[in-house]
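Let's take a walk through this structure together, one piece at a time. Keep the 3D view open and turn it as you read.

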Amino acid sequence: MSAINYSEKIPNNVNLAEDRTLQRALEQWQPNFINWWDDMGPEGSTDHEVYLRTAVSVDPQGWAQFGHVKMRDYRWGIFLNPGDSERQVHFGDHKGEKAWQDVPGEHRANLRRIIVTQGDTEPASVEQQRHLGLTAPSMYDLRNLFQINVEEGRHLWAMVYLLQKHFGRDGREEAEALLQRNSGDADNPRILGAFNEKTPDWLAFFMFTYFTDRDGKFQLAALTESAFDPLARTTKFMLTEEAHHMFVGESGVSRVIQRTCQVMNEIKTDDVQKVRAAGAIDLGTIQRYLNFHYSVTIDLFGADQSSNAATFYSSGLKGRYEEGKRTDDHVLKGQTYKVLEVQNGQLVEKEVPMLNALNEVLRDDFIKDSVAGVERWNKVIDKAGLPHRLKVPHKAFHRQIGALAGIKVAPDGRPVSEAEWAAKEAEWLPTAEDRAFVASLMGRCVEPGQFAHWIAPPAMGINRQPIDFEYVRFG
Ligand SMILES: [Fe+2]
Ligand SMILES: [Fe+2]
């Protein structure tokens, strides 16, 4: 078998051609990755040629190329943002020391865990989304799904690069395990809860990419602050791609809402059954999907009080969102933060040491960011002249992790009894009937320029191509 020229095949700026050890590790891993892609990647897509962007450098002006490629031949590149040899650790106990180019022995286990946990989410989402291509509402949307899938694949490569480059044999084992766990698998599931949920339909996909890819943005942003410089530089570049994933989610939900409002205005009613009979997704169902994806996603930030979070911060492994823009001492000892807890069946605020509450700090930053997009969705409803509004639920609603997991809370933040929860759950979370209705709309609509009835066309195409461009050539 002829040797693959990896530095040619894998666009990179990490001097792959000169690193024999890393090359050997990748040579063993790469065929397993392709097998995983064939088995668990987008169903029925092997022969499609997809108009994809491929990262080819870290130049902000021209980091990507666009062109039709088969996804299994995608050039999964390895890119680190440019380094700064003077870079210093800028938070925690090591503040002011030189940033690390190698993994310090004392932080090895925690760093490995952080990288593996991040790495695990990347292939997980590809697995969750693997059937969606069969019911794409348009060729444009199909291409966006595939773009996200290949980039999550590249993000897996990014984490595997760190594991193989910096963690020796353990790293190679972890890289293999990342291909062995599977989303929703009863015996060997993905690490985090939200990544074992199904993404059964396109409304779920758009909510997932709006909310859950945004969790990715905040986790990655916190890691761009890391004292471990290769991790900081890798995640910085991953964020470049993440923006498109959230765009797909935000604009996708927005287009669903736009069509629903148009239908409501045409038939002059908000009656759920009539809106559904007219082939649009009623706003109540959209709100319940929003409630579900929002609550499952904010759980991803972890327990509101966590000694691990304190350790990760103090030892310089993971910073806060936009750490560098904050004006406090970046050590946080003696500072406090408000978290919610339950006392006598009521939610009350409690001051706790900030270092222990850093998961909550990141969750609150995420919440601020997600609310902004929901307001943009409301503008679409407003523009249609309708009085309805969408709203993110209270952060204590439907939680499975942390101090709020033990109680039932309504979307408005009111603690409720088990009986009230049971009576109202169908108003607050998607029901089997909602999901069956949404599923009933999911037909495949992939002629160039055609769109399924339940979703409005986008305002413009990808990379200045027309909306009816042949984004996918079916083989
Ligand atoms: Fe990702
Ligand atoms: Fe993403």
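Before we get to the sheet, one term: two strands count as paired if DSSP finds at least two bridges between them. With that in hand, look for the open sheet of 3 strands, which come in the order 2-1-5 with antiparallel pairing. Strand 2 and strand 5 are the edge strands, each of them pairing on one side only. Bear in mind as you look that this is a predicted model.

Let's go through that sheet pair by pair. Strand 1 covers residues 49–55 and strand 2 covers residues 64–70, and 7 bridges hold the two together in the antiparallel sense. You can pick up the register from Glu49, whose bridge partner in strand 2 is Lys70. On the other side, strand 1 is joined to strand 5, which is residues 472–473, by 2 bridges, again antiparallel. Val50 is a handy residue to click on here. Its bridge partner in strand 2 is Val69, while in strand 5 Val50 is partnered by Val472.

Now, what lies across strand 1 and strand 5? That's helix 4, and it runs at about 40° to strand 1. Follow helix 4, residues 139–166, and you can move on to helix 5, residues 168–180. In general, a packed pair of helices is described by two things, the angle between the axes and the distance between them. For helix 4 and helix 5, the axes come within 7 Å and cross at roughly 155°. Angles over 145 degrees count as roughly antiparallel, so that is how helix 4 and helix 5 sit relative to each other. Which residues make the contact between helix 4 and helix 5? From helix 4 it's Leu156, Val160, Leu163, Gln164 and His166, and they meet Gly171, Arg172, Glu174, Ala175 and Leu178 in helix 5. Sorted by class, that contact has 5 nonpolar, 3 polar and 2 charged residues.

There's another pair of strands to find, this time forming a hairpin. Strand 3 (residues 336–343) and strand 4 (residues 346–353) run antiparallel and are joined by 8 bridges. The hairpin leaves 2 residues between the strands, and Asn344 in the turn has a positive phi of about 50°. Moving along the ladder, Val342 has Leu347 as its bridge partner in strand 4, and Glu341 stands opposite Val348. Is strand 4 well covered or hardly covered? Hardly: of its 8 residues, the count of buried ones is 0.

Two single residues make a nice contrast in burial. Arg376 is in helix 11, residues 358–383, and counts as exposed because it has 12 C-beta neighbours inside 10 Å. Arg376 and Glu250 are 126 residues apart along the chain, yet their C-alpha atoms are separated by 8.8 Å. Pro393, on the other hand, is in the loop between helix 11 and helix 12 (418–428). Pro393 counts as buried because 21 C-beta neighbours lie inside 10 Å. Leaving aside residues up to four places away in sequence, Pro393 touches Asn291, Tyr294, Ser295 and Pro411. Gly413 is 20 residues from Pro393 in sequence, with 7.6 Å between the two C-alpha atoms.

Finally, zoom out to the whole chain. How many helices and strands does the chain have? There are 13 helices and 5 strands. The radius of gyration is 23 Å, close to the 23 Å that the globule rule gives for 475 residues, so the chain is as compact as a globular protein of that length. Along the principal axes, the C-alpha atoms fill a box of roughly 65 × 60 × 45 Å. Buried residues make up 44% of the 475. And of the contacts with a separation of 6 or more, 70% are between residues 24 or more positions apart.

Methods. Residues numbered from 1 in each chain as written. Chains lettered and ligands numbered in written order. Predicted model: local features only at pLDDT ≥ 70, side-chain atom pairs only at ≥ 80, totals over all residues. Helix = DSSP H or I, 4+ residues; strand = E, 2+ residues; numbered from the N terminus. Rg over C-alpha atoms; globule rule 2.2 N^0.38 Å. Buried ≥ 20, exposed ≤ 12 C-beta atoms within 10 Å, placed from the backbone. Contact = placed C-beta atoms within 7 Å. Axes fitted to C-alpha atoms, helices over the stretch in contact; angles between N-to-C directions. Parallel < 35°, antiparallel > 145°, perpendicular 65-115°, else oblique. Nonpolar A, V, L, I, M, F, W, Y, C, P; charged D, E, K, R; others polar.
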